[in-house]
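User: I would like to learn how to read a fold from its surface, its sheets and its ring contacts. Could you take me through one example, giving the general idea before the particular case?

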Amino acid sequence: MVPAPSGTVRQGGGVALSFDGLTGTEAIVGAGPTTFSVTWRNTTQRLYDAVAPVVSVRTLTGAVRSGRSVRGRLQREEEGGGWTDVPLTVGSGAYLASGDAAAFALAPGAARTLRYRLDPSIDSAEGTLLIEALAVLTSTPERFEEGSALAPLLLTSAPAASRTAPELRLNYAAGDGVIAGRPSSFAITISNPGAAPLASVVPTLVLTGADAAKAVVETRYGAGVGVRRLPVAPNGNGQLVVDTSLLERLMRPHDSKYVEFQVSVPEDWKPDADFAVVVGARGDGRDVAPIVIQPKFAAAVDS
């Protein structure tokens, strides 16, 4: 299971974060850096004296080469045009302090955009990176986290033109659920756009967040079949993976498969829990760029 960021005691939402330059992007390991930007925007009427920008790789999912992780270099562009190394992953001890030297003030309604570049080395595993951006208030003793965002990036060892991979579409986004009550549901369609059949096509789901192991994931995968609970377990590489093997299918050219999922959480779930589902698909060992879903759960209303 991927831990939540350590060192922060409380979380807020006064700073909205967004990524630019990663949508639909693939990074080829050993082929040079991928550049993207992150924007921090003050959505409140208060002045933030010092917002520290923190960006790092939170997890690697669907690794093709077992036992390997992401390796390489992550850098932030400075005002003078130079680049500064920052910790690559959240497992690095100093990653939460990596933005202190670049902290900036944010007036009400103001925004600040910084550029980053990720250069995965040739010995990195293929798979999907989940990149996390945080707004950390350095002026508070407990390093209050005032905002966060997630974005996926697919790592591959070959250009997309040489691969045959399925396509993934989100049919409807996750609706709000109720703690210990109504689940949050979403649906996807996986299709084979190629001219050759895919012998093994399966959806992939990875859960992230400090309490992710408490979540229950179920699927509806055929008319009249009903709901089936899917096992969730660590895979040995620090990932909390949903076992979707019962959904594996041969897919003929231009065929598609519609699948529904629902996520339920227990009574001790926190309404503001840091929780995400990384939804992807794999066809004959080739991963499609994933979709990050962040289901929300509200406390039950007493009748």
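User: What does the accessible surface of the protein chain come to, and how much of it belongs to carbon and sulfur atoms?

Analyst: In this predicted model, the accessible surface of the protein chain comes to about 13,600 Å², and carbon and sulfur atoms contribute 49% of that area. Alongside the surface one reads burial, and here 47% of the 303 residues count as buried.

User: How many helices and strands are there in the protein chain?

Analyst: The protein chain has zero helices and 24 strands. Among its contacts with a separation of 6 or more, 74% are between residues 24 or more positions apart.

User: How should I read a sheet, and in what order do the strands of the open sheet with strand 1 stand?

Analyst: Strands of a sheet pair through backbone hydrogen bonds, in either a parallel or an antiparallel sense. In this case five strands form an open sheet in the order 1-3-8-5-6, with antiparallel pairing. Strand 1 (15–20) and strand 6 (83–86) stand at the edges with a single partner strand each, and therefore one side of each is left without a neighbour in the sheet. The twist from one strand to the next averages 30 degrees. Strand 6 pairs with strand 5 (residues 72–77) over four bridges in the antiparallel sense, and Leu74 has Val86 in strand 6 as its bridge partner.

User: Which order does the open sheet with strand 11 have?

Analyst: That open sheet consists of five strands in the order 11-13-20-15-16, and its pairing is antiparallel. Its edges are strand 11 (167–172) and strand 16 (228–230), each of which has a single partner strand, so that one side of each lacks a neighbour in the sheet. Neighbouring strands are turned by 35 degrees against each other on average, direction ignored. Strand 11 pairs with strand 13 (residues 184–191) over five bridges, with Ala187 in strand 13 as the bridge partner of Tyr172.

User: How many aromatic pairs does a search of the whole structure find?

Analyst: The search finds six aromatic pairs. One of them is the tilted pair of Phe19 and Phe36, 6.2 Å centre to centre with 40 degrees between the planes, which links strand 1 to strand 3 (residues 34–42) across 17 residues. Phe36 also forms a stacked pair with Tyr116, at 6.0 Å and 15 degrees.

User: Why does the pair of Phe36 and Tyr116 tie together parts that are 80 residues apart in sequence?

Analyst: Because Phe36 lies in strand 3 and Tyr116 in strand 8 (residues 111–120), the pair joins parts separated by 80 residues in sequence. Phe19, Phe36 and Tyr116 form one aromatic cluster. To judge burial, one takes under 20% relative accessible area as the cut-off: Phe19 counts as buried at 19%, Phe36 at 2% and Tyr116 at 1%.

Methods: Residues are numbered from 1 along each chain as its sequence is written. This is a predicted model: local features need pLDDT of at least 70, side-chain atom pairs count only at pLDDT 80 or more; totals for chains, interfaces and linings use all residues. Side-chain values use heavy atoms; hydrogens and water are left out. Two strands pair if DSSP finds at least two bridges between them. Helices (H or I, at least four residues) and strands (E, at least two) are DSSP runs, numbered from the N terminus. Axes are lines fitted to C-alpha atoms, for helices over the stretch in contact, and angles run from 0 to 180 degrees between N-to-C directions. Buried means under 20% relative accessible area, exposed over 50%, partly exposed in between (1.4 Å probe, protein chains only). Contact means heavy atoms within 4.5 Å. Accessible areas come from the Shrake-Rupley method with a 1.4 Å probe; for residues, only the protein chains shown count as cover. Rings of Phe, Tyr and Trp (its six-membered ring) pair if their centres lie within 6.5 Å; planes under 30 degrees apart count as stacked, over 60 as edge-to-face and the rest as tilted.
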